[in-house]
Amino acid sequence: MCTTCGCSTDHHHDHDHHHGHHDHQHSRDGGHGHSHDHDHSDTHSNDHHHGPEQGAETGKRTTIAIEEDILGKNNRLAGFNRALFKEKGIFVLNLVSSPGSGKTTLLERTLRDLSHTLRCAVIEGDQQTDNDAQRIAATGVPVRQINTGAGCHLDAHMIMHGTETFDLDHLDLLLIENVGNLVCPAAFDLGERHKVVVLSVTEGEDKPLKYPQMFHNSTIMLLNKTDLLPHLDFDVEKCKEYALRVNPGITIFEVSARSGSGMEAWYQWLRDKAKGNR
């Protein structure tokens, strides 16, 4: 959890939020966004000085309480986001993966192939830089960059503000590219309809077993970079078996964002779900 990895999610925003276009200073996102600098310093570092009367168990209970408090606040805001997306008829996906899985390349190809039939927008999460947001902007789709600093995931509050720059009445599909990390993003609900975990064939078959919470919480697994299989010692069936062991209900698409292999099945799933959400 983030209380132990040093990433604080408590942004001291307990006030009510009413979705709208507020007067914020614009950030570099093609003129469509505004800047929200979130302090990810470890405000929940558990700076407890245990005396003789305080043992490790007390510290453990305190850590658990803080984790529950952080997730409780996040889940309340996620509920707000989910209700808003439902009201607007927007299908929202949270794309998660390790760094280097090919998420951004997969997003680029998906947007180029689908944006003429679905009205799309993207929220890009990274610790630093707007490199990925610039790549997405080149597809012509509205994009909002969120930099988390030292933070290892997006949270519901960031998404709440990230959507303020979009015309939600004219969106069918919102794709959130989370920070590359298979641990903390699994625990943080953003208000999305589904988590989509991207796993590349260069990462090893046992990732679902090593990071079970992420694969358990995901509806879809995109097994990416299948064009590289002839050059790798990767057992596709074993990887799928591991994923299904962790989550028997997960749907798996074998795709290559580079070659386009298998992408049509992914597109059809997106089209069907987005249209059914209207």
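**Helix 3, helix 9 and the core around them**

Colleague: How do the axes of helix 3 and helix 9 cross, and at what angle?

Modeller: This is a predicted model, where local features need pLDDT of at least 70, side-chain atom pairs count only at pLDDT 80 or more, and totals for chains, interfaces and linings use all residues. Numbering runs from 1 along each chain as its sequence is written, and side-chain values use heavy atoms, with hydrogens and water left out. Helices here are DSSP runs of H or I with at least four residues, strands are E runs of at least two, and both are numbered from the N terminus. The axes of helix 3 (residues 103–114) and helix 9 (residues 263–276) come within 11 Å, and they cross at roughly 65°.

Colleague: Which residues of helix 9 make the contact with helix 3?

Modeller: Contact means heavy atoms within 4.5 Å. From helix 3 come Leu 106, Arg 109, Thr 110, Asp 113 and Leu 114. Helix 9 answers with Met 263, Trp 266, Tyr 267, Leu 270 and Arg 271.

Colleague: Is Asp 113 buried or partly exposed?

Modeller: Asp 113 sits in helix 3, and its C-alpha atom is 9.7 Å from that of Met 263, 150 residues apart along the chain. Buried means under 20% relative accessible area and exposed over 50%, with partly exposed in between (1.4 Å probe, protein chains only). At 31% relative accessibility, Asp 113 is therefore partly exposed.

Colleague: Which element gives the largest share of the largest nonpolar core?

Modeller: A nonpolar core is a set of buried Ala, Val, Leu, Ile, Met, Phe, Trp, Tyr and Cys residues joined through side-chain atoms within 4.5 Å. This one has 29 residues, and among those touching the most other members are Trp 266, Trp 269 and Leu 270. Elements giving two or more residues include strand 1 (91–97), helix 3 and strand 4 (173–177). The largest share, six residues, comes from helix 9.

Colleague: What do the buried residues of helix 9 pack against?

Modeller: The buried set is Met 263, Trp 266, Tyr 267, Trp 269, Leu 270, Arg 271 and Ala 274. Those residues pack against strand 1, helix 3, strand 4, strand 5, strand 6 and strand 7 (251–254).

Colleague: Which residue in the loop between strand 6 and helix 8 has a positive phi although it is not a glycine?

Modeller: Most residues other than glycine have a negative phi. The residue in that loop has a phi of about 65° and is partly exposed, with a relative accessible area of 23%. The loop runs between strand 6 and helix 8 (236–246), and the residue is Lys 225.

Notes:
Axes fitted to C-alpha atoms, helices over the stretch in contact; angles between N-to-C directions.
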